[in-house]
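This report goes through charge pairs, internal space, the contact between chains and burial. Please keep the sequence and the model in view while reading.

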Amino acid sequence: MEPIKQHRGLVYPLDRSNVDTDQIIPKQFLKRIERQGFGQFLFYNWRFNEDGTLREDFSLNDPKYDGASVLVGGENFGCGSSREHAPWAIQDYGFKVVIAPSFADIFYNNCFKNGILPIQLPKPVVDQLMEKATKEKYEVKVDLEKQIIDDGDLEVSFDIQSYHKEMLLNGWDEIAVTLTYEDKIDQYEKQNKGVKTLGIS
Amino acid sequence: MSHPKTIVEKIWDQHVVHEEEGKPNLLYIDLHLIHEVTSPQAFEGLRMAGRKVRRPDRTYATMDHNVPTIHRNIIKDEVSKKQMETLKTNCEEFGVRLADINHPDQGIVHVIGPELGLTQPGKTIVCGDSHTSTHGAFGALAFGIGTSEVEHVLATQSLWQAPPKTLQVNVDGVLGTGVTAKDLILAIIGKYGVRFGTGHVIEYTGEAVRNLSMEERMTVCNMSIEAGARAGLISPDATTIDYMRGKRYVPEGKDFDEAAEQWLALASDEGAEYDQTLTIHADEIEPQVTWGTNPSQCVPVGGRVPDPDSIEEDRDGIERAIEYMGLEANQSIESIPVEHVFIGSCTNSRLSDLRKAAEIVRGGRVHEGVRALVVPGSKSVKDAAEAEGLDTIFLTAGFEWRDAGCSMCLAMNDDIVPPGERCASTSNRNFEGRQGNGARTHLVSPEMAAAAALEGHFVDVRKYASTVGG
């Protein structure tokens, strides 16, 4: 996974709450067996008409957001299905940072596995970013090490669990990290802790 | 004596493999369920890194999302077909047991887990599917994960997890006649919204919850994720133990008695503390119908579509939902016509769901212009329903009787609601486009769906007073 330390990019505001993963990537695109190439399907039903032409009423189709890499969303962003195709699509489209007042748990977790930095900020702050990005071409600098978002005028700090932070900064392969604890897992299995259960075979 | 504990604390403590400052806990996973949509990239990841599945004996796969529910072996969609073939190849290569499309144990992953007794109280259970919360009905800690975590569990049988906060939803009183577990969970989400459970595990308690059968409990826990909670569970009791007895992967004889004793001891202790408690009164709940594009947008069947002008919060969202749904503010729910009826999904496709729907349907006729589907949750539910003649009741009334799968809940196979058309559905999500691009979904109980099929519009199922059970 590619590490993230700092990122500077254009902000795209998506002023809707409860954006679910069915909207982020509709089910007809979940049949592929690869991890790549999902960006073209991001927000598909919002971006495209039935006949495949662009919908003018959807803001991401506005050329002023071309090349945006910071997505600012509403409450409960990424709710619904656990499909990791959602962060895959967001990342493949070119977004590196997603900012929202609240995230759904599974989506939030999935972001860290894919080099996307999800940032939770108080709603009034998110509203401020949203307003700026709606008005004009708006860029921010995100510094993960210092945990700061800076637009040259406004400077906001954000919280992140140290484990998640380290994972993104180092671009860790989490499985490789966990396998260094393999002896602990062996030990746990030997102790047969917990309720007695039968294995499948 | 140590402090009184919730079931969540007890299960957690039993599963911590490793803890250290500044890190989440490394949590052991007892059971990993797999399906074709969220696993191919995980197996591919293992292959590329030269890793194996640590515990194939704790891993079980099936095919459910893509499978056709009619003409079983003709899969026209090449991409779907490839996804299913990939699961088969992966399971063979990595030694994972698979109930494939023609296997007698095939079904929706959250229906077959409990049916086979793979799902047991006190287990940690994961699956690359958000409705894994269903298994919490047994007092298991069960939650959905992404594909990277699927790969992580395949390789290590564990996950890094921070201890969750606990949220008690206490349902006192008794549900009225014709009011179901589905209405209960919809009413809870309707009252508290789609994110009150975020960051929490919900434990459902109270008289009305105790009175639910295991299949009804699964309906409630299934939709915990629609409240934002990755997991929702119910402490084991006599109802749980009775259900477990005799299931294929459950111990027998003296071993069963021992297990049962341990399972009952998992129940939250008297006086255990939760981070938050919410209360709802069962006797105030009526049959629910969703009108909007998330599950909290629901009202009693006698109610009306809300008027955005009279609402302060999220007015734009409500206006957009009403527009997408092709409804009008203040329109009565009973006046909404339906063109499709879907009885199925991991929420409501078990034998008792089909029995209750059949009681409404018996002797009736599907309304003209309505297409109505019954999709049993598993092959074994289908066989059991046929053994007692439920298929005949549905078929005689003009319903289609299909093979098991996720089907029209998310329309990944050919069971699709066309754009602009309306469906009364027993599934769990009424998101935009969920049942097909432009499709309009109204979530209801199986009884309410059956009644809508007969009448061609929503109707208070309690008017079928002689057939609805208490």
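## Salt bridges

The count over all chains comes to 49 salt bridges. The model is predicted. Side chains of opposite charge can pair when their charged atoms come close. Three pairs within chain B serve as examples here, followed by a network.

R210(B) and D237(B) form a salt bridge, with N to O at 2.4 Å. This pair links distant parts of the chain. R210(B) sits in helix 7 (residues 207-210) of chain B. D237(B) sits in the loop between strand 11 (231-233) and helix 9 (238-244) of chain B, and 27 residues separate the two. How does burial compare across the pair? R210(B) has 32% relative accessibility and counts as partly exposed. D237(B) has 14% and counts as buried, because buried means under 20%.

## Two further pairs in chain B

R355(B) and E388(B) also meet in a salt bridge, at 2.8 Å from N to O. Here too, distant parts of the chain are linked, with the partners 33 residues apart. R355(B) belongs to helix 12 (residues 351-361) of chain B. E388(B) lies in the loop between helix 13 (379-387) and helix 14 (390-397) of chain B. R355(B) is partly exposed at 38% relative accessibility. E388(B) is partly exposed, with a relative accessible area of 38%.

The pair of D383(B) and K379(B) is a local one in sequence: both residues lie in helix 13 of chain B, four residues apart, about one turn of the helix. Their side chains meet in a salt bridge at 3.2 Å, N to O. D383(B) is partly exposed at 38% relative accessibility. K379(B) is partly exposed as well, with a relative accessible area of 34%.

## Interface of chains A and B

How many residues does each chain bring to the contact? Chain A has 58 residues in contact with 82 residues of chain B. About 6000 Å² is buried between the two chains. Carbon and sulfur atoms give 53% of that area.

Charge pairs also cross this boundary. The rule finds 10 salt bridges across the interface of chain A and chain B. R195(B) and E75(A) meet in a salt bridge with an N to O distance of 3.4 Å. Residues of both chains also join in a network of salt bridges. From chain A come E182(A), D186(A) and E189(A). From chain B come R54(B), R55(B) and D57(B).

## Cavities

Rolling a probe the size of a water molecule over the atoms shows where empty space is left. The structure holds five cavities of 30 Å³ or more. The largest has a volume of about 210 Å³. Of the 23 residues that line the largest cavity, H65(B), D129(B), H131(B), L410(B) and R434(B) are the closest to its centre. What classes of residue make up the lining of the largest cavity? There are seven nonpolar, 11 polar and five charged residues.

The second largest cavity holds about 80 Å³ of space. Chain A lines it with N76(A), G78(A), C79(A), G80(A), A104(A), D105(A) and I106(A). Chain B adds V194(B), I225(B), G228(B) and R230(B). By class, the lining of the second largest cavity has five nonpolar, four polar and two charged residues.

## An enclosed helix in chain B

Is helix 5 of chain B buried or exposed? In helix 5 (residues 147-156) of chain B, 10 of the 10 residues are buried, so the helix is largely enclosed by the rest of the structure. The buried residues include charged ones, E149(B) and E151(B). Among the others are T147(B), S148(B), V150(B) and H152(B). V153(B), L154(B), A155(B) and T156(B) are buried too. Just after helix 5 of chain B, Q157(B) takes a positive phi of about 55 degrees.

## Chain A as a whole

Chain A has eight helices and seven strands. Its C-alpha atoms fill a box of roughly 60 × 45 × 25 Å along the principal axes. Of the 201 residues of chain A, 60% count as buried.

Contacts in chain A often reach far along the sequence. Among those between residues at least 6 apart, 67% join residues at least 24 apart.

Methods. Residues are numbered from 1 along each chain as its sequence is written. Chains are lettered from A and ligands numbered from 1 in the order in which they are written. This is a predicted model: local features need pLDDT of at least 70, side-chain atom pairs count only at pLDDT 80 or more; totals for chains, interfaces and linings use all residues. Side-chain values use heavy atoms; hydrogens and water are left out. A salt bridge is a side-chain nitrogen of Lys or Arg within 4 Å of a carboxyl oxygen of Asp or Glu. Buried means under 20% relative accessible area, exposed over 50%, partly exposed in between (1.4 Å probe, protein chains only). On a 1 Å grid over the protein atoms alone, a cavity is a set of points where a 1.4 Å probe fits but cannot get out, and a pocket is an open set with protein on both sides within 12 Å along at least five of seven lines; lining residues have an atom within 4 Å of a point. Grid points are joined across faces, edges and corners, and a volume is the space filled by probe spheres set on the points. Contact means heavy atoms within 4.5 Å. Buried area is the accessible area (1.4 Å probe) that two parts lose on being put together, summed over both.
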